[in-house]
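Please read this report alongside the sequence and the coordinates, with a viewer open if possible. It takes the sheets, the core and the polar pairs in turn.

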Amino acid sequence: MPPNTCVDGVQQIRSPRDGTIIEVGRESLRIEGSAAYPDFGQYQIDLTLPNMAFHDKAHSLTPVPDGQLYRWDFEQETGTWGAGWYIVRLLVVNSVGNFAAIGPDGNNNGCHIRVYLPPLN
């Protein structure tokens, strides 16, 4: 997993916590946190399993200082991928379309968490 670029109030996933194991039978999960930036353009949520490319799942042109960023519907969004440790990534994009330079080195690798999704059946 790339280095985490999580900055409270700017690009942060507060819930669920990294390493969360989803209970069997649950159908969805709210991703909550913040996606706001002085030169905000949009944010995106990406999902992947290890050793797969990230899949863009949601975009929003509205900053979220603190609240729901995305609702992950397991069956609809990732039903064919199966069980496993998923990586959820939040990226804030500035008004000219570049990832917001919020990391200590001016880079932005996204704010990541890992979530274990059990078999759906």
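What follows is a description of a predicted model, arranged by topic.

## The three-stranded sheet

One of the sheets is open and consists of three strands in the order E1-E3-E6, paired in the antiparallel sense. Strand E1 (11-15) and strand E6 (64-73) are its edge strands, and each of them pairs on one side only. From one strand to the next, the twist averages 30°.

Within this sheet, strand E3, which covers residues 28-35, runs antiparallel to E6, and seven bridges connect the two. One position can be used to find the register in the viewer: Ala 35 has Val 64 of E6 as its bridge partner.

## The five-stranded sheet

Another open sheet has five strands in the order E2-E8-E7-E4-E5, and its pairing is mixed. The edges are taken by E2 and E5, each of which has a single partner strand, so that one side of each is left without a neighbour in the sheet. At one of these edges, E2 pairs with E8 in the parallel sense over two bridges, and Ile 21 has Tyr 116 in E8 as its bridge partner.

Moving along the strand order, E7 and E8 run antiparallel and are joined by seven bridges, with Leu 90 standing opposite Cys 111 in E8. At the E5 edge, E4 and E5 also form an antiparallel pair, here over five bridges, and Leu 47 is found opposite His 55 in E5.

## The nonpolar core

In soluble globular proteins, nonpolar side chains tend to be buried together. In this model the largest nonpolar core has 27 residues, and those with the most contacts inside it are Tyr 43, Ile 45, Trp 72, Val 88 and Leu 90. At least two residues of this core come from each of E3, strand E4 (40-48), E6, strand E7 (84-94) and E8.

Ile 45 can serve as an example of the surroundings of a core residue. Leaving aside residues up to four places away in sequence, Ile 45 touches His 55, Asp 56, Lys 57, Ala 58, Leu 69, Tyr 70, Val 88, Arg 89 and Leu 90.

## Strand E8 and His 112

Five of the seven residues of E8 are buried, so this strand is largely enclosed by the rest of the structure. His 112 belongs to strand E8 and is buried, with a relative accessible area of 2%.

Which backbone oxygens does the side chain of His 112 reach? The side chain of His 112 reaches the backbone oxygen of Asn 109 at 3.2 Å, and it also reaches the backbone oxygen of Gly 110 at 3.2 Å.

## Salt bridges

The structure holds eight salt bridges. In one of them Asp 18 pairs with Arg 114, the closest N and O atoms being 3.0 Å apart. This pair links distant parts of the chain, since Asp 18 is in the loop between E1 and strand E2 (20-21) while Arg 114 is in strand E8 (residues 111-117), 96 residues apart. Asp 18 is partly exposed, with a relative accessible area of 43%, and Arg 114 likewise counts as partly exposed, at 34% relative accessibility.

Another salt bridge is formed by the side chains of Lys 57 and Glu 77, at 3.6 Å from N to O. Lys 57 lies in strand E5 (residues 55-60) and Glu 77 in helix H1 (residues 74-78), so the pair ties together parts that are 20 residues apart in sequence. Lys 57 counts as partly exposed, with 25% relative accessibility. A further salt bridge joins Arg 71 to Asp 73, whose closest N and O atoms are 3.8 Å apart; Arg 71 is partly exposed, at 43% relative accessibility. In addition, Asp 8, Arg 14 and Asp 66 are joined into one network by salt bridges that share partners.

## A cis peptide bond

Most residues other than glycine have a negative phi, and most peptide bonds are trans. In this model, however, the peptide bond from Ser 15 to Pro 16 is cis, with omega near 0°. Pro 16 is found in the loop between E1 and E2, and Asp 18 of the salt bridge with Arg 114 is in that loop as well.

Methods: Residues numbered from 1 in each chain as written. Predicted model: local features only at pLDDT ≥ 70, side-chain atom pairs only at ≥ 80, totals over all residues. Heavy atoms only, no water. Pairing = 2+ DSSP bridges. Helix = DSSP H or I, 4+ residues; strand = E, 2+ residues; numbered from the N terminus. Axes fitted to C-alpha atoms, helices over the stretch in contact; angles between N-to-C directions. Salt bridge = Lys/Arg side-chain N within 4 Å of Asp/Glu carboxyl O. Buried < 20%, exposed > 50% of the residue type's maximum accessible area, 1.4 Å probe, protein only. Core = buried A, V, L, I, M, F, W, Y, C linked by side-chain atoms within 4.5 Å. Contact = heavy atoms within 4.5 Å. Polar contact = N/O pair within 3.5 Å; in protein donor to acceptor, adjacent residues only side chain to side chain.
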